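Student: Please take a close look at the ligand and what surrounds it.

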Amino acid sequence: MASVKAGAIPVYQPDLSGNEKRYVLECLDSTWISSKGKFLGEFEERFSEYVGVKYSHAVCNGTVALHLALVTLGIGPGDEVIVPTLTYVAAVNAIAYTGATPVFVDSLPDTWQMDPVDVRAKITSRTKGIMVVHLYGQPCDMDALTAIAREHGIFLVEDCAEAFGARWKGRHVGTFGDIATFSFFGNKTITTGEGGMVVTNDQTLAARAKHFKGQGLAAHREYWHDVIGYNYRMTNICAAIGLAQLERAEEFITRKRELAAAYREGLRGVPVEMHGEPAHLIHSHWMISILVNDAADRDPLRGWLAERGIETRPLFYPVHTMPMYAVRFQRHPVAENLAWRGINLPSWPGLTDGQVGEVVSAIRAFFEDGNRRNKVASAGAPITTPPIIATVGPEHASSLGEFFERLNDFGVENFFHPHSLTVEEAASRAAYTGRDFYCVLMNGGKIVGYGMLRGWDEGYEIPSLGIVVDPPSQGHGYGRRLMNHLRAVAAERGARRIRLTVHLENAAAIALYRSLGYAFQDGEDGKLIGFLELQNSATAPGKESAG
Ligand SMILES: Cc1ncc(COP(=O)(O)O)c(C=O)c1O
């Protein structure tokens, strides 16, 4: 992805131009800067009123809010909690922190929210709860999810980190489940810098949450603790900012909804999808997102916008594809498909109509024929210095070994590619002079990718292709560049076909390979086998020009 130019339109920026400064100065002047003070009580009380709950407890971020909610419900080892795979990772991590097992469900293609039919299918005798995540500000189907929880006698936790201001049939999200959480990180609809809230209508749960949040301090004896508690308290300074933000909540949400409507109107006729807004819900549009129709357009479009000073974000990667949760191979095809096609556009309430117009015009210009075609064809182009593809030689041995050790640290072999090398193996490969082919992709003197064609030497006519890109360097088109290089090498050396293997859940790689012409068939152990015919290499992308 190209770095965004100066004078950029950011994805998010908080508006702190209300009473924030005045209230913070009051904290400083009064010396009430820690986790006691008048702003804390006031923020919690006003927040309860706004959301329509009885009890709110302010905490230091949205992740600990989730952990606190789960601990409050007594969720722990041996329990299962159902959670959407298409979410920010914190929702899943919080389950893992308790020792419980996150059980992933797929998303609905139209709303992108967790699929109630899949939720029902995943319930076992160990299921203790459903973690509902109202993604990007759109409420989940709370009729269906509350019915499932009630029917099975399991807890419903609502992660409303992204959905402050969102309503389902007139009720604010966070009021449907047993307990709910919010985040006030700097890019959230209202912010406290870092901060979060745990809310509930249940007096017992509220008391338990408060107890665990404050180090498990017993009610009637000083310095006596009767549970293993946590220090998850918010400071008075953060609450002061939160209170000032809350005073402007309606203004922020109204503006964000106007922005979403303006984007929707401006992008009419462009090959992208946006959330609709059915009458029974209020979407707070924390992030205003689009889905491109063709996944191959996603990264080139992001690069195109970045070159024009417009910052974007990809949709979240489905958590089941991340190394620490990919141990059991799974597929969630809807979430994978959405994740690979989605882009979050600038969404902060201070955006001007003119800036929205700029973003819309840039997206429209991308889809004008020549621009899109050129951009997609050069998706593998370098971002900073031109990357160099070098045939592996002895000079690469030690840096290749280090590269693979780094990949092991990222757990890459779990989900991305089937081969990993030790330093010794890398050294022997670097010394290799036979027909199989190994190359490295260097950028700025550093190995950022590795590719190989193997199998010729074992007598196979069809070489197997494998590539791997350093995780911090992914998303820059290096994979595409390596693939095109290997294709050209295979064609030059007379191969008729190339073969590769990919894990089923690696949606990103599958989309890339498909866009390069690979056709897939089922393999073993949760893998697909892809084939690329090289007969027509006259029409294939050139060795470097397309990569
Ligand atoms: C869905 C979701 N849950 C939880 C969190 C965690 O909140 P925080 O960043 O305040 O820890 C976020 C934050 O970005 C989120 O988007």
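Tutor: The site comes first, then a helix that contributes to it.
The model is predicted, so local features need pLDDT of at least 70 and side-chain atom pairs count only at pLDDT 80 or more, while totals for chains, interfaces and linings use all residues. Residues are numbered from 1 along each chain as its sequence is written, and side-chain values use heavy atoms, with hydrogens and water left out.

The shell around the ligand holds 13 residues, where a residue counts as near if one of its heavy atoms lies within 4 Å. Gly62, Thr63, Asp159, Glu162 and Lys188 are the closest. By class, five residues of the shell are nonpolar, five polar and three charged; Ala, Val, Leu, Ile, Met, Phe, Trp, Tyr, Cys and Pro count as nonpolar, Asp, Glu, Lys and Arg as charged, and the others, Gly among them, as polar.

Polar contacts are pairs of N or O atoms within 3.5 Å. The side chain of Asp159 has an N or O atom 2.6 Å from a nitrogen atom of the ligand. Lys188 places a polar side-chain atom 2.6 Å from a ligand oxygen, and the side chain of Asn61 has an N or O atom 3.4 Å from an oxygen atom of the ligand. Of the 380 Å² of accessible area that the ligand has on its own, the protein covers 93% (Shrake-Rupley method, 1.4 Å probe).

Helix H3, residues 62–72, gives the most to this shell, with three residues; helices are DSSP runs of H or I with at least four residues, numbered from the N terminus. H3 packs against helix H4 (residues 89–97) at about 40 degrees, their axes 9 Å apart; axes are lines fitted to C-alpha atoms over the stretch in contact, and angles run from 0 to 180 degrees between N-to-C directions. H3 is therefore oblique to H4, since angles under 35 degrees count as roughly parallel, over 145 as roughly antiparallel, 65 to 115 as roughly perpendicular and the rest as oblique.

How values were computed: Polar contact = N/O pair within 3.5 Å; in protein donor to acceptor, adjacent residues only side chain to side chain. Helix = DSSP H or I, 4+ residues; strand = E, 2+ residues; numbered from the N terminus.
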